[in-house]
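This report walks through the fold, the cores, the ring pairs and one sheet. Keep the coordinates open while reading.

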Amino acid sequence: MFRTLVALVGLVALAYAKDTTALMFRQHVPSKNAVPIHGAPSKEFPFPGGPPMPGTSIVMQGKIVDAKSNWVFNFHTKDKFHIALHFNPRPGHKKIVLNSSVKKGAGYGWNKEVHLGWPAGFKPGAAWTVVVIFHQKYFRFIINGDEIKTHFPHRMPFPEIRTVSVGGPKGTFQIALRSCLLIDQNLWGADIAKSKARDLMDCRNKCMAHPHCVAFTYRVKSRECWIKKPGHKLPEYDATLISGLKSCFK
């Protein structure tokens, strides 16, 4: 079942639009970054692929078990009490609650909630896919292929995130994995070549085919593709670009 899920994820197309930029998640996702989740009441596991960086995106998948039970996933920094993102669908109230923890006295409690509307496809027995994208200033969400307009600002340094925990009825969660793309990010410098590409995957393939390429950057609107050797800079925000690391796709 796990291998089947990974194969299906590689074929799922999740589209979103931002200004003039449109992205299609059609990349192959290596199994080393995929974590099967076996519907335990509560489970914590390492953040897929290591600590996130700007542009990182995480894909969570599962199934709506029933119309009443809440379920949740949390991104943690130092320990289980330090929650950078709390994502909590509540079917009974027809809303998704976003939050983070905050220090209160000698312990920790909840910060101010942010509410999202209830997605039309969140029905008992239906599959769900949530993509969380790490912007420099906030989390972005794509739920069942639709980007949510409401963003959740970072209340803790997101590069410190180390683990993910999940909770809910058995069967709610199936898989978590890390995308191989860096969304809205430029890997500046160290260019081997610049060329036109048919699409994002064509740009990726140009890098995969070059023996000295370690990364690529693609401009969606103009279809420009840069393949890169070692020495490029760390990711820098640019809403017109998508980048990727060759090592992630191997």
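## Ground rule and overview

Two strands count as paired if DSSP finds at least two bridges between them. The model discussed here is predicted.

The chain has three helices and 22 strands. Of its 250 residues, 52% are buried. Contacts with a separation of 6 or more are 66% made by residues 24 or more positions apart. The exposed area is about 11,800 Å². Carbon and sulfur atoms supply 58% of that area.

## Strand β5 and its partners

By the pairing rule, β5 has β17 as a partner: five bridges join these strands, which run antiparallel. On this side, Ile58 of β5 has Arg178 of β17 as its bridge partner.

β5 also pairs with β12, again in the antiparallel sense, over seven bridges. Here Val59 is bridged to Val131 in β12. β5 is mostly covered, with six of its seven residues buried.

## The largest nonpolar core

Which residues have the most contacts inside the largest nonpolar core? They are Met60, Phe73, Phe75, Val132, Phe134 and Phe139, in a core of 31 residues. Eight strands each supply at least two residues of this core: β5 (57-63), β6 (72-76), β7 (83-90), β8 (95-99), β12 (127-134), β13 (138-143), β16 (163-167) and β17 (173-178). β12 gives the most, with four residues. In soluble globular proteins, nonpolar side chains tend to be buried together.

Val132 shows how this core is wired. Leaving out residues up to four places away in sequence, Val132 touches Thr56, Ser57 and Ile58. The list also includes Phe73, Phe75 and Leu85. Phe139, Arg140 and Phe141 complete the set. A second, separate core has 23 residues, among them Ile133, Leu181, Leu200 and Tyr218.

## Aromatic pairs

The whole structure holds 15 aromatic pairs. One of them joins Trp71 and Phe122. Their ring centres are 6.0 Å apart, with 35° between the planes, and the pair is tilted. Trp71 lies in the loop between β5 and β6, and Phe122 in the loop between β11 (114-117) and β12, so the pair ties together parts 51 residues apart in sequence. Both Trp71 and Phe122 are buried.

How do the rings of Phe134 and Phe158 meet, and why does the pair count as tilted? The centres are 5.6 Å apart and the planes stand at 45°, so the pair is tilted: stacked needs planes under 30 degrees apart, edge-to-face over 60. Phe134 sits in strand β12 and Phe158 in the loop between β15 (152-153) and β16, 24 residues apart, and the pair links these distant parts of the chain. Phe134 has 0% relative accessibility and counts as buried. Phe158 is also buried, at 7%. Both rings belong to a cluster linked by ring pairs. Its other members are Phe47, Phe73, Phe75, Phe87, Phe139, Phe141 and Phe152.

## The five-strand sheet and helix α2

An open sheet of five strands has the order β18-β22-β20-β21-β19. The pairing is antiparallel. Which strands stand at the edges? They are β18 (181-186) and β19 (191-196). Each has a single partner strand, so one side of each is left without a neighbour in the sheet. Neighbouring strands are turned by 30° against each other on average, direction ignored. β20 (residues 215-219) and β22 (residues 236-245) pair in the antiparallel sense over five bridges. Within that pairing, Ala215 has Leu245 of β22 as its bridge partner.

Helix α2 (residues 200-209) packs on this sheet. The helix touches β18, β19, β20, β21 (224-228) and β22. Its direction makes about 155° with that of β20. Asn205 lies in helix α2. Is Asn205 buried or partly exposed? Asn205 has 35% relative accessibility, so this residue counts as partly exposed. Asn205 and Phe216 are 11 residues apart in sequence. In space, they are 9.5 Å apart, C-alpha to C-alpha.

Definitions and conventions. Residues numbered from 1 in each chain as written. Predicted model: local features only at pLDDT ≥ 70, side-chain atom pairs only at ≥ 80, totals over all residues. Heavy atoms only, no water. Core = buried A, V, L, I, M, F, W, Y, C linked by side-chain atoms within 4.5 Å. Buried < 20%, exposed > 50% of the residue type's maximum accessible area, 1.4 Å probe, protein only. Contact = heavy atoms within 4.5 Å. Phe/Tyr/Trp six-rings, centres within 6.5 Å; stacked < 30°, edge-to-face > 60°. Areas by Shrake-Rupley, 256 points an atom, 1.4 Å probe, with all protein chains shown as cover. Axes fitted to C-alpha atoms, helices over the stretch in contact; angles between N-to-C directions.
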